[in-house]
Amino acid sequence: MAEETTLEKAFEVTADVLCEAKHVVVLTGAGISVESGIRPFRGPGGLWTERGEPPMDGFQRFMADPKKAWEDIVQRRTQYGDDFTRSFREAKPNPGHYALAELEELGIVKYLITQNVDNLHRAAGSKNVAEIHGNMALLRCLGCNARYPRDQITLETLPPRCPKCNGVIKSDGVMFGEPIPSDVLDICQRETARCDCILSVGTSAFVYPAAGFPQTVKRKGGALIEVNLYETPMTPMCDISLRGQSGEILPELVKYVKAKLKR
Ligand SMILES: [Zn+2]
């Protein structure tokens with residue numbers, strides 16, 4: 001009973017902080033995807049565990065010979081089948097994704113920055129989404145950053161070219177050695193500058209550039225809320241840590257926020 005009261009109090013306080021903040025930005029990582037059955041890259045059952053890690057200079061290799069790089073991609077797809085991209089296509093958003101989309105619709109969340117490449121935030125209805133590592137459902141022009149759904153671009157001639165600017169097209173997924181797309185980086189910097197509250201979900205130690213966002217917001221006196229199954233390196237910095245599955249915690253949090261907005 002006492003534990004329940006503590007948890008209720010934690011949701012109350014979190015909802016307060018979210019409702020009082022002027023510009024809430026969400027950061028998400030692999031934890032929320034795993035709850036949707038997205039196959040991890042590393043660890044048991046990981047794609048890279050099975051097929052080997054991609055080269056650390058993948059982007060440089062791609063740029064050196066985009067035609068050859070695309071031929072290899074097509075060949076790998078024939079060899080291994082389409083199971084990896086299929087796992088992306090078949091994965092569905094979980095209640096955590098929908099809760100974050102709802103918080104945006106309620107006007108609480110202003111932007112969502114994710115390290116995930118699985119498109120599940122957009123599928124759940126989140127509109128303002130910055131994908132630091134790209135989106136595996138999309139292709140991107142290296143000339144003008146235009147994104148295209150995969151089926152919109154023909155692979156008859158390789159490398160495929162941008163219908164707008166004739167630039168070389170690659171997967172939107174950011175390769176090792178590839179800079180974060182400049183438009184995404186601009187959004188991240190703009191949003192961090194405006195942000196006075198970060199809601200961090202399912203991510204432990206952020207990789208650059210997201211690693212710096214919580215510190216920056218904290219330094220400005222902003223609030224840091226964490227939703228994670230485990231303690232993370234960020235936990236000591238957090239104002240509030242909610243332990244549990246994001247698919248359970250976030251929908252509950254939405255209820256408290258809605259109750260507060262009604263008052
Ligand atoms: Zn282009």
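This is a short chat about one helix and one pair of rings in a predicted model.

Q: Before we start, what counts in this predicted model?
A: Local features need pLDDT of at least 70 and side-chain atom pairs count only at pLDDT 80 or more, while totals for chains, interfaces and linings use all residues. Residues are numbered from 1 along each chain as its sequence is written, and side-chain values use heavy atoms, leaving out hydrogens and water.

Q: OK, helix 5: which residues are buried there?
A: Pro66, Ala69, Trp70 and Ile73 are; buried means under 20% relative accessible area and exposed over 50%, with partly exposed in between (1.4 Å probe, protein chains only).

Q: Why are they on the same side of helix 5?
A: Because they cover an arc of only 100° around the axis, taking the directions from the helix axis to the C-beta atoms.

Q: And what's exposed on the other side?
A: Thr78 and Gln79.

Q: What covers the buried residues of helix 5?
A: The cover includes helix 4 (58-64), strand 4 (138-141) and strand 6 (169-171). Helices (H or I, at least four residues) and strands (E, at least two) are DSSP runs, numbered from the N terminus.

Q: New topic: how many aromatic pairs does a search of the whole structure find?
A: Just 1. Phe11 and Tyr256 are stacked, 5.3 Å centre to centre with 20° between the planes. Rings of Phe, Tyr and Trp (its six-membered ring) pair if their centres lie within 6.5 Å; planes under 30 degrees apart count as stacked, over 60 as edge-to-face and the rest as tilted.

Q: Where do Phe11 and Tyr256 sit?
A: Phe11 is in helix 1 (residues 2-20) and Tyr256 in helix 11 (residues 246-262), 245 residues apart. Both Phe11 and Tyr256 are buried.

Note on methods:
Contact means heavy atoms within 4.5 Å.
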